[in-house]
Amino acid sequence: MSFQSMVHRLNPKHYPRDYRVATIVEGRETTIDDRRIHIAANSTTAVLQTQPGGTGTPWVPAAPAASVTQAQMVQFVRFIEDGSFTPGSYRDVIYNAQWRAFYNVAARALQYIDPSNTPTIKPAVDSVPCFDCELVLPTRNITIDHQRPQEGNPVEATCKLFRALGLTKGDPDGPKGDGVRNVHMGNVGGVAGRANAPLRKKYTLNNVGQIYFTIADWGGFVDSGDLDKACLHHVVNLRPLCNACNTSNRNVAHYA
Ligand SMILES: [Zn+2]
């Protein structure tokens with residue numbers, strides 16, 4: 001799945017373009033009539049505008065001001081495409097360098113017991129601790145859990161990815177979200193939100209997030225479900241769990 005057409009939306013044209021804002025508020029997709037994304041003629045920057053006086057009155061920059069350059073859009077698309085897997089390939093996240101570093105994947109010499117009850121140390125193999133109970137398993141024995149569930153509200157995983165980039169009103173609470181933010185938020189023009197925010201803030205896009213989501217919507221990636229799928233099977237949403245800890249009822253939808 002290529003999201004490159006989001007970058008091409010910011011190619012300079014001789015005419016201006018306007019897109020009505022599509023966004024996520026409290027975990028639900030919606031549109032906002034008195035907000036638009038404006039790209040001026042010959043510009044490669046998308047600017048969020050509002051119409052405080054109502055229909056027919058002038059459009060003005062939103063407050064706080066928010067814009068996305070084509071260079072930032074390139075970074076956003078790269079972040080999604082480089083870190084996302086398909087439903088059939090997401091186990092390959094165990095080869096992703098950022099994921100390996102965060103979850104402490106390493107070659108370890110593990111102890112085995114042979115039939116005569118003699119402990120043996122076998123040659124080191126790629127191994128990873130379960131994120132919950134910390135049992136170390138060879139990577140081929142670990143299961144990969146989707147933190148935001150595969151069933152339920154599909155925008156949960158999308159909000160999680162946007163949150164990790166500083167594109168929601170509430171900040172990530174977990175160390176992985178923080179780690180991603182420290183590396184990537186600046187590249188996409190994200191902004192720090194509220195720490196320890198209530199859930200509805202974590203599932204609501206901020207002004208910059210509205211620009212990215214709107215352009216994804218106009219590219220068809222929201223209606224097709226491709227954006228949600230890419231976020232569901234993304235490094236940000238995948239973690240290692242042992243079989244016992246990875247039970248189907250542990251993921252609870254926050255917003256139905
Ligand atoms: Zn476990």
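The questions and answers below walk through a predicted model of one protein.

User: How many helices and strands does the protein have?
Analyst: This is a predicted model. Its C-alpha atoms fill a box of roughly 85 × 35 × 30 Å along the principal axes. The protein has eight helices and 12 strands.

User: What share of the residues counts as buried?
Analyst: The protein has 256 residues. A residue is buried if 20 or more other C-beta atoms lie within 10 Å of its own C-beta. By that count, the buried share is 36%.

User: Among contacts with a separation of 6 or more, what percentage comes from residues 24 or more positions apart?
Analyst: Contacts here are pairs whose C-beta atoms lie within 7 Å. Among those with a separation of 6 or more, the share from residues 24 or more positions apart is 64%.

User: What span should helix α5 have, and what do its end C-alpha atoms show?
Analyst: Helix α5 covers residues 175-188, which is 14 residues. The rise is 1.5 Å a residue, so the expected span is 20 Å. The end C-alpha atoms agree, being apart by 20 Å.

User: Where does α5 bend?
Analyst: The bend is the angle between axes fitted to the seven residues ending at a position and the seven starting there. In α5 that angle is about 45°. The residue at the bend is N182.

User: Which residues of α5 are buried, and which helices do they pack against?
Analyst: An α-helix has 3.6 residues a turn, so residues three or four places apart point the same way. In α5 the buried residues are K176, V180, H184 and V188. Their packing partners are α2 (70-83), α3 (97-102) and α4 (155-164).

User: How are α2 and α5 oriented to each other: roughly parallel, roughly antiparallel, roughly perpendicular or oblique?
Analyst: The two helices pack with their axes 7 Å apart, at an angle of about 140°. Angles over 145 degrees would count as roughly antiparallel. That makes the α2 arrangement with respect to α5 oblique.

User: Which residues of α2 and α5 meet, and how many of them are charged?
Analyst: From α2 come Q72, Q75, F76 and F79. From α5 come H184, N187 and V188. By class, this contact has three nonpolar residues and four polar ones. The number of charged residues is zero, as the contact has no charged residues.

User: Which residue follows α5, and which glycine follows α4?
Analyst: After α5 comes G189, with a positive phi near 75°. After α4 there is a glycine whose phi is also positive, near 75°. That glycine is G166.

User: How many of the residues of α4 are buried?
Analyst: The buried residues of α4 include V155, C159, L161 and F162. E156, K160 and R163 are also among them. The helix is largely enclosed by the rest of the structure, because its buried count is 10 of the 10 residues.

User: Which elements do the buried residues of α4 pack against?
Analyst: Two strands take part, β1 (17-25) and β2. Helices take part too. They are α5, α6 (199-202), α7 (207-218) and α8 (226-232).

User: Is R35 buried or exposed?
Analyst: R35 is found in strand β2, residues 28-39. Beyond four places in sequence, R35 touches V21, L48, T50 and A62. R35 has 20 other C-beta atoms within 10 Å, so the residue is buried.

User: What is the C-alpha distance between A46 and Q70?
Analyst: A46 lies in strand β3 and is buried, with 25 other C-beta atoms within 10 Å. Its contacts beyond four places in sequence include L10, I37, V68 and I211. A46 and Q70 are 24 residues apart in sequence. Their C-alpha distance is 8.1 Å.

User: Which residues does the cis peptide bond with omega of about -5° join?
Analyst: One partner, P64, is found in the loop between β4 (60-61) and β5 (67-69). The bond is cis, with omega about -5°. The residues joined are A63 and P64.

User: Is N42 buried or exposed?
Analyst: N42 is found in the loop between β2 and β3 (45-50). Its phi is positive, near 65°, in a residue other than glycine. With 10 other C-beta atoms within 10 Å, N42 is exposed.

How values were computed
Residues numbered from 1 in each chain as written. Predicted model: local features only at pLDDT ≥ 70, side-chain atom pairs only at ≥ 80, totals over all residues. Helix = DSSP H or I, 4+ residues; strand = E, 2+ residues; numbered from the N terminus. Expected span 1.5 Å × (residues − 1). Buried ≥ 20, exposed ≤ 12 C-beta atoms within 10 Å, placed from the backbone. Axes fitted to C-alpha atoms, helices over the stretch in contact; angles between N-to-C directions. Parallel < 35°, antiparallel > 145°, perpendicular 65-115°, else oblique. Nonpolar A, V, L, I, M, F, W, Y, C, P; charged D, E, K, R; others polar.
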